[in-house]
Structures are given as structure tokens and as C-alpha cells.
Amino acid sequence: TVPLDTSTHDRPNRRVQTWTVATTGKDSDAHVKRAYRQRARATEADSEVSSPTTTSLRVSVPPPVGHRRASAQGRAARTVALLAAALAVALFTGCGSERVAARSEAGALVAVSAPARGPQAGLARAFATGVAEGVRRVQGHGGPALEVVRLDSSAPDGRGTDPERVAANVATLLRRGRVRLYLGDLDSQATAVALPELNRAGVPVVTGAPGAVGFDAWGPGRLTGEPARYYPHGNRTLVRLVPNDSARTRLAAQLFARQRCRSSVVLSDGTLDGEAARLAFRAAPRTAGLRAPTEWTYEGGRLDTAVAAELAAAPRPLCVLAATGGGARGLALLASAAAAASGGVVVAFDRFDARARALVARRARSRVLVVTWFRSPGEDAYRELGRRAGRVAARALAARPGDRLSLARLMERLRRETEREALSSLRAAPLARPRD
């Protein structure tokens, strides 16, 4: 058992840290605020695959000593961070902005959103580097003039993305008025906050890493009200470069079948990525000839020792799907599962940078496989994702001087370019093998 203290993960002023995507003030979305605490009833009623034999456990803890004081300090820190974020976005020509010169549609702005700190920081740098490389490649053949600006979506404590910061970045970006495309984010919770406001403004979103099915599809993994809740304007304005969690969980089930697993467990960290993957996986075992999995939802605090004990006592061969977002809570859950599922197989999605993966590898007593879209997970995969996103953006925005594309024409171009650049094949790459 490797108990990891995650009581301060993600949002230090929330008792239970589940799906904290709600924002405040004029940037709030009522649909985002209302549904998440009701997911056990709503999502299972809405899921298209029933799972009567599965069980679930929710773990919650009382607030730590000094909770009220920590909340005030957290709000103050967040206020300072949001002011800094707004200033950073307003000053596009500063450190986070890169002007890429070429010939047509001068001044078009492309925003790249990703966390600069936390377990995804290395992925964010690789993604932004790849975007710049992709744009330059198109410009070498006469592509458009673009300004690429990087937005930091990380929480003040560096443990993941901060939905309020994402909302503040988007609001400031839209006030600027020149943004034509939004590339990112790296997790579904941030995308769930940004997408509705960008849709209202007619700004398309190109994404790859977030796997939540409900952003643009029907089927297992879709939550109540999805995908309509993300598109108040009515038109779908999101395009993917990587298959969603429905395809990723099917691959995980195939891997489990090859291992001849007697038991399978799905561990969700309670984020939008984790819960969407948990629901998407329900359809996969049946098609792979497996029994329905045991499901656990983790909601913060110290890792419940019952989860580790369950993994340690489960019949072998044991297979575990670690359904997580990219924050510190997801990393803690993955590391603990890899340690507790001794001799088993743990499958995770490509959500963590090299430092985070090294932490998991050091503690693993199971074989850990990472589902990715490139020949190797992590920074290489995200740099390639960024390259393709940059090429899609540059080619879609190419136009004659003075010709401003309508949203319909821009979406048509994006879909055409996405068909060319999509990373449609998934594979499982080894992260760690059991220690002796």
C-alpha cells in the first residue's frame, strides 16, 4: 500500500474536489455548475450501457484543520493569479507570444492553452513547440501570417488546470477581438469551461488530448446534456485530432482480454476525463468477452486504503484502468494503483509528462501501459500533436489578403484539414514493468 496525501490536490478550498469546472460571475455556465455533483444518478441513467453487476465506492473526507483559513488564502492566491493571467493575455507581445510572419491575413491570432506548471508542464511545452513548428512548415509554402500566443491554464498551486483561470483567459482573449482559433486544452475540464464561451463568439477549438466522448459524439461515456451544453450558439465548433475515450477504452479492453484477466477494475479520479472514461469503458468489456468491471470513484483526501487492499486481494491476473485527468490527483491515483496491483497490468491514458511518468515507474509493482497516439507517449506524442494542430490552423486560415473567412467556411476547412492530419491510430506503449 502506498498512501499518498492528496488532500490539497487541485482546489484547496473545496471539501470534495469532483469536477470543479464551474466558474463565477459573467463567465459562468449554468449547465457546467449544476450537473456534476449529480453525476451518479444522471450519468448512469443516461448511459447507453447498463452495468447492474458493477459496484462503486465514493471516498470523501472531512475538511482539514484550518480549512476556512486555507479557503481564504486560496481565494486570495487565485485572485492574484487571475489578475496576472489577464495581464499576460492582454500583453500578447510578451513572453508567451510568438509572432510568426508570412504573407496573408496579417494579424490573425491563434491561442494555445495548456498548463505551464504541474504534471503536464512538459507536455504543454512540447505541444506549444509543435504548434510553432507546424505553422512554420505551412508558411514555408506561402501560408498565412499568424500570431501564436500561449495561455497558462495552470492552478496557482501548480497541481493541475484551474477552471477559473481558463475562464479568465478566454474572456480576456475574446475582448481582444482578433482570435480566430483556439488550440487546446490538455484536459477535458478546461475544455468544458472554454468551449461554450468560444462557441458563442464563433471561435473554433482544435483539440486532441481531451478524450471526453460528450464533446462531439453520442454513445457510452456521454453525460447528461452533452454535447448540446457545449454549443450554445448551436453549431459544433470543435474538431479532434485524436480519437475520443470510446476508442481508447476499447483498446484497453482488448489489452485486458489478451492478458486473460480474471478481474478488472476501473479507477476514476473524479474529474471529467476520469468519469467520462469510466462510463465509456462499460461497453468495452462485453465486446472483448470480459466480465463487467468493478468501479471505484476517488474524490480526494488520502487514498482510501480499501482501494489498495481490494487491488492487492483481487484474483490474478488483474487488470486496472486508471481513468484520470492530468492533475496531481490523477497522478497520485495512478502511482498508487501501479504499486498496489502487484503483478497485474495497469492501463492509463497519455496525460503526464516525463517527470510524472518517472514517479509512477519508480513505485510500480505492476506492468503499466500507456494508450497513446504516437510511437512513444509523453512529450514526443504531444509535440507531434502540436505540429499537426499548427498545420491544421495555418492551412485553414489561409486566405486572400483582406478575405476574412466566415465561421462556416472556417469549420469546413478545419474538418478537411483534420481528416488529413488526424492521429487516428492508437497504441499501448510500456511505461513500467514490475519491480522485483
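# Reading a predicted chain, feature by feature

There are 14 helices and 15 strands in the chain, and the model that shows them is predicted.

User: Before I look at any single residue, what is the mean pLDDT of the chain, and where does pLDDT stay under 50?

Analyst: The mean pLDDT is 76, and 71% of the residues reach 70 or more. Two stretches call for caution, since pLDDT stays under 50 over residues 1-73 and again over residues 77-106. The model does place contacts there, with 157 beyond four places in sequence for residues 1-73 and 68 for residues 77-106.

User: How many of the residues count as buried, and how many contacts join residues at least 24 apart?

Analyst: Of the 436 residues, 61% count as buried. Among contacts between residues at least 6 apart in sequence, 79% join residues at least 24 apart. The accessible surface comes to about 17,100 Å², and carbon and sulfur atoms account for 50% of that area.

User: Which residues have the most contacts inside the largest nonpolar core?

Analyst: That core has 38 residues, and those with the most contacts inside it are Phe127, Leu183, Trp373, Tyr382, Leu385 and Leu414. Two or more residues each come from strands S4 (104-114), S5 (144-152) and S6 (179-183), and from helices H4 (121-139), H13 (379-397) and H14 (407-421). H13 gives the most to this core, with 9 residues. Apart from it lies another core, of 27 residues, including Leu109 and Tyr231.

User: Where is Val110 found, and is Val110 buried or exposed?

Analyst: Val110 is found in strand S4, and it counts as buried because its relative accessible area is 2%, under the 20% cut-off. Leaving aside neighbours within four places in sequence, Val110 is in contact with Leu146, Glu147, Val148, Val149, Leu181, Leu183 and Leu397. Val110 and Tyr182 are 72 residues apart in sequence, yet their C-alpha atoms are 5.9 Å apart in space.

User: How do I read a helix such as H7, and what should its 14 residues span?

Analyst: An α-helix has 3.6 residues a turn, so residues three or four places apart point the same way. At 1.5 Å a residue, H7 (residues 245-258) should span 20 Å, and its end C-alpha atoms are indeed 20 Å apart, which agrees. The buried residues of H7 include Ala247, Arg248, Leu251, Ala252, Leu255 and Phe256. Asn244 caps the N-terminal end of H7, with a side-chain oxygen 2.9 Å from the backbone nitrogen of Ser246.

User: What is the phi of Arg260, and which peptide bonds are cis?

Analyst: Most residues other than glycine have a negative phi, and most peptide bonds are trans. Arg260 follows H7, in the loop between H7 and strand S9 (263-268), and its phi is near 55°, a positive value. Arg260 is exposed, with a relative accessible area of 70%. The peptide bond from Glu226 to Pro227 is cis, with omega near 0°, and so is the bond from Arg316 to Pro317. Pro227 is found in the loop between S7 and S8, whereas Pro317 is in the loop between helix H10 (305-313) and strand S12 (318-323).

User: Where is Arg222, and what lies 2.9 Å from a polar atom of its side chain?

Analyst: Arg222 is in the loop between strand S7 (205-207) and strand S8 (238-240), and it counts as buried because its relative accessibility is 10%. The backbone oxygen of Glu226 lies 2.9 Å from a polar atom of the Arg222 side chain, and Glu226 is also the residue from which the cis bond to Pro227 runs.

Technical notes:
Residues numbered from 1 in each chain as written. Predicted model: local features only at pLDDT ≥ 70, side-chain atom pairs only at ≥ 80, totals over all residues. Heavy atoms only, no water. Helix = DSSP H or I, 4+ residues; strand = E, 2+ residues; numbered from the N terminus. Expected span 1.5 Å × (residues − 1). Buried < 20%, exposed > 50% of the residue type's maximum accessible area, 1.4 Å probe, protein only. Polar contact = N/O pair within 3.5 Å; in protein donor to acceptor, adjacent residues only side chain to side chain. Contact = heavy atoms within 4.5 Å. Areas by Shrake-Rupley, 256 points an atom, 1.4 Å probe, with all protein chains shown as cover. pLDDT = per-residue confidence, 0-100. Core = buried A, V, L, I, M, F, W, Y, C linked by side-chain atoms within 4.5 Å.
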